[in-house]
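Colleague: I would like to learn how to read the overall form, the cysteines and a buried charge in a model of this kind. Could we go through them in turn?

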Amino acid sequence: MIDNDLFPGPRKVLWRVDELNRNVRTILEQTFPLLWVGGEISNLKCYPSGHWYFSLKDNNAQVRCVMFRHKNMYLDWIPQDGVQVEAQALVTLYEARGEFQLTIEQLRRAGAGVLFEAFERLKARLQQEGLFSPGHKLPIPPYPRQIGVITSPHTAALKDVLTTLQQRLPSLPVIIYPAPVQGKEATTAIVAALQTATQRNECDVLILCRGGGSIEDLWVFNEEVVARAIAACPIPVITGIGHETDFTIADFVADVRAPTPTGAAQLAAPDRQEILHHLQHWQRRLQQTMDRHIERRMQAIDLLTHRLIHPGEKIRHQLIHLSQLHNRLLRAWERLLEIYTWRIEILKQQMQSVKPAINTRKKHLQESAARLQRAIMYRLENLQTQLSRHQQHLAHLNPKAVLARGYSIAYTASGEILQNSQQIHTGDNVRLVFAKGSARANITETNK
């Protein structure tokens with residue numbers, strides 16, 4: 001019985017072939033995730049379109065596979081029949097023929113998955129230890145005195161490095177530390193070469209390189225001992241391993257990673273043409289600076305030449321100058337003497353014009369004194385007359401004179417002058433003042 005959940009929609013009695021294949025393909029793609037399948041390649045066919053068709057088989061079964069051009073173009077190796085591989089594939093159905101097949105996304109040699117996992121584990125551990133941090137990186141000297149190359153003497157990578165170094169800077173010495181870069185002895189040999197370079201300390205920078213290859217071919221550069229030897233090396237290390245897409249643990253530990261051996265040589269050695277260009281540039285600047293400096297010194301010499309005078313000539317000029325100063329001083333004194341003489345004459349004339357007549361002034365002074373004496377006497381007489389007249393008026397107004405004629409002044413008990421009877425009452429005491437003496441009286445009767 002067919003499960004209706006696998007075939008959505010109304011239950012059908014009769015299916016068309018294309019409907020069946022389409023639904024089966026959908027079920028397969030939704031049921032199986034992207035997975036890895038291992039097997040042996042057989043019946044490999046490469047079409048002009050760039051697509052690959054082959055079968056994966058083991059001892060008991062086989063399955064058809066297709067790897068399209070936009071996927072296989074990134075492989076750096078060509079598969080062949082009989083090669084054991086591991087394929088990352090999508091399970092599907094080719095509807096046109098109703099054939100069950102795998103659509104390959106990635107393809108690698110058998111065992112590469114295990115190596116990749118080991119690579120990732122070591123990478124994570126060394127990164128956690130800080131071996132990849134920029135703080136552990138040594139700067140590459142811009143102008144090394146000598147370069148060391150660690151690689152196999154029989155590889156094309158060495159030829160590329162030497163050719164590049166010869167083109168960039170032919171005068172730069174190169175020391176080769178031979179070491180196999182593949183095989184069982186490669187790990188020990190590379191570590192020994194690094195240690196030898198460290199002990200001899202004759203190079204300013206080291207290049208560790210080899211050509212391209214599979215992950216197995218490059219695995220020596222993923223060994224932990226090699227990575228730690230690179231990290232411990234006190235000489236800056238540049239790696240140029242494989243192709244641009246190849247990354248190894250040595251690349252992460254090295255001070256600088258180059259995409260290829262040729263790139264490593266370009267990073268290690270400065271370009272002769274660039275050096276010549278810089279030297280020419282600085283030569284021009286130095287020449288310009290020296291020219292300006294010489295010109296300024298020449299101008300200073302010309303100025304000093306004009307200022308340089310023979311001592312005898314200088315003394316003669318000073319004598320002439322002294323004579324001129326002497327003449328100017330004499331003329332100044334003469335002029336000053338004329339000015340003071342002229343001022344004295346003016347002052348004499350002024351004194352003659354304002355000279356006083358002493359006898360006339362004395363007679364005038366005596367006459368003025370006599371007039372002043374007469375005026376004073378006249379004024380005193382007038383003041384004496386006015387004084388006598390005022391004394392007479394005061395005598396008439398003096399209250400004592402009135403009292404002397406028999407009158408008296410009455411004061412109330414409070415000391416007020418008694419002017420009318422309304423100021424006192426019967427029984428009040430009053431004080432009477434006479435020309436001579438005083439008395440007190442009691443009021444027995446008042447007339448208001």
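Modeller: What follows takes the overall form, then the cysteines, then one arginine, bearing in mind that this is a predicted model.

Colleague: How many helices and strands are there in the protein, and what does the radius of gyration say about its spread?

Modeller: The protein has 12 helices and 13 strands. Its radius of gyration is 69 Å, well over the 22 Å that the globule rule gives for 448 residues, so the protein is more spread out than a compact globule. The C-alpha trace spans about 185 × 115 × 50 Å along its principal axes, and 28% of the 448 residues count as buried.

Colleague: How many disulfides does the structure hold, and why is there no bond between cysteine 203 and cysteine 233?

Modeller: A disulfide calls for two cysteine sulfur atoms within 2.5 Å, and the structure holds zero disulfides. For cysteine 203 the closest cysteine sulfur is that of cysteine 233, at 9.8 Å, which is too far for a bond. Cysteine 203 is buried, with a relative accessible area of 4%, and cysteine 233 also counts as buried, at 5% relative accessibility.

Colleague: Where is arginine 168 placed, and which side chain of opposite charge is nearest to it?

Modeller: Arginine 168 lies in helix H4, which covers residues 156–168. A salt bridge needs a nitrogen-to-oxygen distance within 4 Å; arginine 168 is buried yet has none, and the nearest side chain of opposite charge, aspartate 271, is 4.6 Å away. Beyond its neighbours within four places in sequence, arginine 168 is in contact with residues including Ala265, Gln266 and Asp271.

Methods:
Residues numbered from 1 in each chain as written. Predicted model: local features only at pLDDT ≥ 70, side-chain atom pairs only at ≥ 80, totals over all residues. Heavy atoms only, no water. Helix = DSSP H or I, 4+ residues; strand = E, 2+ residues; numbered from the N terminus. Buried < 20%, exposed > 50% of the residue type's maximum accessible area, 1.4 Å probe, protein only. Lys, Arg positive; Asp, Glu negative; His and termini not counted. Contact = heavy atoms within 4.5 Å. Rg over C-alpha atoms; globule rule 2.2 N^0.38 Å.
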